[in-house]
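User: I would like to go through this protein by asking what each structural label rests on. Please set each value against its definition before you conclude anything.

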Amino acid sequence: MKATTVKPAEGKLGILVVGNGAVATTFMTGVFMARKGLAKPVGSMTQYDKMRVGKGADKQYLHYADIVPMASLDDIVFGTWDVYPQNAFQSAMYAEVLKEKDILPVKDELEQVVPMKAAFDKNFAKRLDGDNVKDCKTRWEMVEALRQDIRQFKAEHDCARIVVLWAASTEIYVPVNMEVHDTMAHLEEAMKANDTKNIAPSMCYAYAALAEGAPFIMGAPNTTVDIPAMWEMAEKTKMPIAGKDFKTGQTLVKSGFSPILGTRCLGLSGWFSTNILGNRDGLVLDEPDNFRTKEVSKLSTLETILKPEDQPDLYTDYYHKVRINYYPPRNDNKEGWDNIDIFGWMGYPMQIKINFLCRDSILAAPLCLDLCLLSDLAARAGRYGIQRFLSFFLKSPMHDYTKNEEAVNHLYQQYTMLKNAIREMGGYEADEEID
Ligand SMILES: NC(=O)c1ccc[n+]([C@@H]2O[C@H](COP(=O)([O-])OP(=O)(O)OC[C@H]3O[C@@H](n4cnc5c(N)ncnc54)[C@H](O)[C@@H]3O)[C@@H](O)[C@H]2O)c1
């Protein structure tokens with residue numbers, strides 16, 4: 001490994017997952033199984049990808065762990081919070097994402113992951129009714145209780161570092177309110193005054209994580225860390241933050257496919273995306289206020305890739321619609337349809353249809369692993385605030401909208417950003433080349 005200023009990944013890495021549902025338990029089971037050599041962590045960039053460093057005669061293709069010091073799967077210790085008290089084994093069985101034969105060999109490990117009481121407010125996810133919930137009078141009390149949980153977990157499991165990952169349900173839409181979400185001082189005031197409208201429970205997790213010196217990753221489309229007050233907090237605590245919303249199925253396809261139209265200068269008149277999904281995530285998203293959060297996140301992708309201002313003949317007023325329908329028989333096996341109406345030479349119309357029969361949590365699990373390991377890397381490299389290099393993994397990548405920054409949604413530009421960040425942390429020069 002070349003000389004790098006990144007601190008070594010010594011000791012155990014505690015990964016505290018908010019939510020112990022389908023995604024979280026698929027992630028944990030896969031890590032435990034891979035550790036025993038019983039399954040492969042397919043889809044994980046940190047475990048598989050090789051990237052070029054150096055140029056010309058000096059060029060080499062290396063795994064990330066050969067470029068920068070990365071925590072290994074053996075270093076990970078899992079903890080979780082959930083509204084339901086079932087341990088990770090029971091919850092993995094309930095989720096029915098994985099077959100019993102892929103869960104039973106790590107039953108003991110999963111049974112040890114018992115959810116701590118959740119910081120929860122039913123108004124933010126009306127369809128959940130578990131009672132493993134903290135009894136807090138204010139949002140500030142939630143923060144304090146969560147901080148205590150993190151400290152206790154770290155000490156009990158002898159962890160050198162902690163990362164907090166939100167893989168809990170999507171909350172109702174919380175619009176950015178610049179009277180509350182603009183500064184840390186205002187945010188803290190609102191937490192202490194128990195402003196339950198503007199302060200979502202997820203914000204308490206994020207605040208607690210950062211205050212305890214842990215990076216925070218938002219895997220749902222929640223507003224949470226996507227506000228200036230949290231950016232200030234991340235800066236003050238020198239901690240990385242990333243979000244929002246794992247880029248798994250349809251949006252992955254969209255951000256990888258739409259560059260085909262853009263690079264060949266083909267026109268777009270409409271893109272209709274619809275999904276059926278039958279797991280608990282689908283149930284929560286069946287509530288209009290919760291779906292609104294997801295819709296905002298899913299819609300943002302195309303606008304920054306196919307821009308009307310760059311190509312008015314090709315991309316003005318295309319109709320973009322995203323639907324998610326709750327359909328229990330399919331459980332976690334989501335089916336997505338994309339109908340894309342395009343036009344070519346002299347405006348002649350054509351259609352493209354994409355039918356993706358995916359498995360939601362199978363696609364999300366490797367992203368959980370990569371986001372946790374790369375956030376831990378970023379913290380050791382002294383990088384803090386919004387980690388734009390992690391946009392590759394996210395549907396609605398965070399960016400400083402108060403400075404008119406634009407999100408990068410184009411999958412291949414995001415990949416270049418990811419590789420360049422790793423090159424830089426590894427002591428190599430960042431460059432523009434795509435390989
Ligand atoms: N699977 C994917 O492809 C994908 C992609 C993008 C985003 N996501 C997001 O990931 C999240 C998890 O998805 P899932 O399929 O595992 O859902 P899930 O319903 O199986 O699990 C979510 C868990 O979070 C718990 N929870 C809710 N609020 C909580 C709180 N305040 N504190 C602690 N626990 C809480 C719920 O009780 C539930 O057990 C969802 O928000 C989903 O939108 C998933």
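Analyst: Two strands pair if DSSP finds at least two bridges between them. The model is a predicted one, and in it strand E11 (residues 335-343) is joined to E12 by 9 bridges, the two running antiparallel.

User: What makes E11 and E12 a pair, and which residue stands opposite Phe356 in E12?

Analyst: The pairing definition asks for at least two bridges, and 9 bridges join E11 to E12, so the two strands count as paired. Within this pair, Gly336 stands opposite Phe356 in E12. E11 and E12 also form a hairpin, with 5 residues between them, and Met346 in the turn has a positive phi of about 60°.

User: How do you know that E9 pairs with E11, and in which sense?

Analyst: Strand E9 (residues 267-277) and E11 share 9 bridges, set against a requirement of at least two, so they are a pair, and the sense is antiparallel. Here Leu268 stands opposite Ile342 in E11.

User: Why are E10 and E12 called edge strands?

Analyst: The open sheet is formed by 4 strands in the order E10-E9-E11-E12, with mixed pairing. Strand E10 (319-326) and E12 each pair on one side only, and these are the edge strands. Neighbouring strands of this sheet are turned by 10° against each other on average, direction ignored. Helix H9 (250-263) lies across E9, E11 and E12, running at about 15° to E11.

User: Why is strand E12 said to lie largely in the open?

Analyst: A residue is buried if 20 or more other C-beta atoms lie within 10 Å of its own. Of the 9 residues of strand E12 (residues 349-357), the number that is buried is 0, so the strand lies largely in the open.

User: What makes Asp158 exposed and Asn194 partly exposed?

Analyst: The limit for exposed is 12 or fewer other C-beta atoms within 10 Å, and Asp158 has 10, so Asp158 is exposed. Asn194 has 14 other C-beta atoms within 10 Å, a value between the limits of 12 and 20, and is therefore partly exposed. Asp158 lies in the loop between helix H5 (139-156) and strand E6 (159-166), whereas Asn194 has its place in the loop between helix H6 (184-192) and helix H7 (201-211). Asp158 has a positive phi of about 55° although it is not a glycine, and for Asn194, also not a glycine, phi is positive at about 55°.

User: What is the omega of the peptide bond that joins Gly243 and Lys244, and what is that bond called?

Analyst: Omega is about 0° there, and the bond is a cis peptide bond. Lys244 is placed in the loop between strand E8 (240-243) and helix H9 (250-263).

User: How do you know that both domains take part in the shell around the ligand?

Analyst: The protein is divided into domain 1 (12-246 + 361-425) and domain 2 (250-357), and the shell draws at least three residues from each of them. Of the 36 residues around the ligand, Gly19, Gly21, Val23, Ala220 and Arg280 come nearest. Helix H1 (22-35), strand E4 (76-82), helix H10 (280-285) and helix H13 (360-380) each give two or more residues to this shell, and the largest share, 4 residues, comes from H13. By class, the shell divides into 20 nonpolar, 11 polar and 5 charged residues.

Note on methods. Residues numbered from 1 in each chain as written. Predicted model: local features only at pLDDT ≥ 70, side-chain atom pairs only at ≥ 80, totals over all residues. Near = placed C-beta within 6 Å. Nonpolar A, V, L, I, M, F, W, Y, C, P; charged D, E, K, R; others polar. Domains from an automatic or database assignment. Axes fitted to C-alpha atoms, helices over the stretch in contact; angles between N-to-C directions. Contact = placed C-beta atoms within 7 Å.
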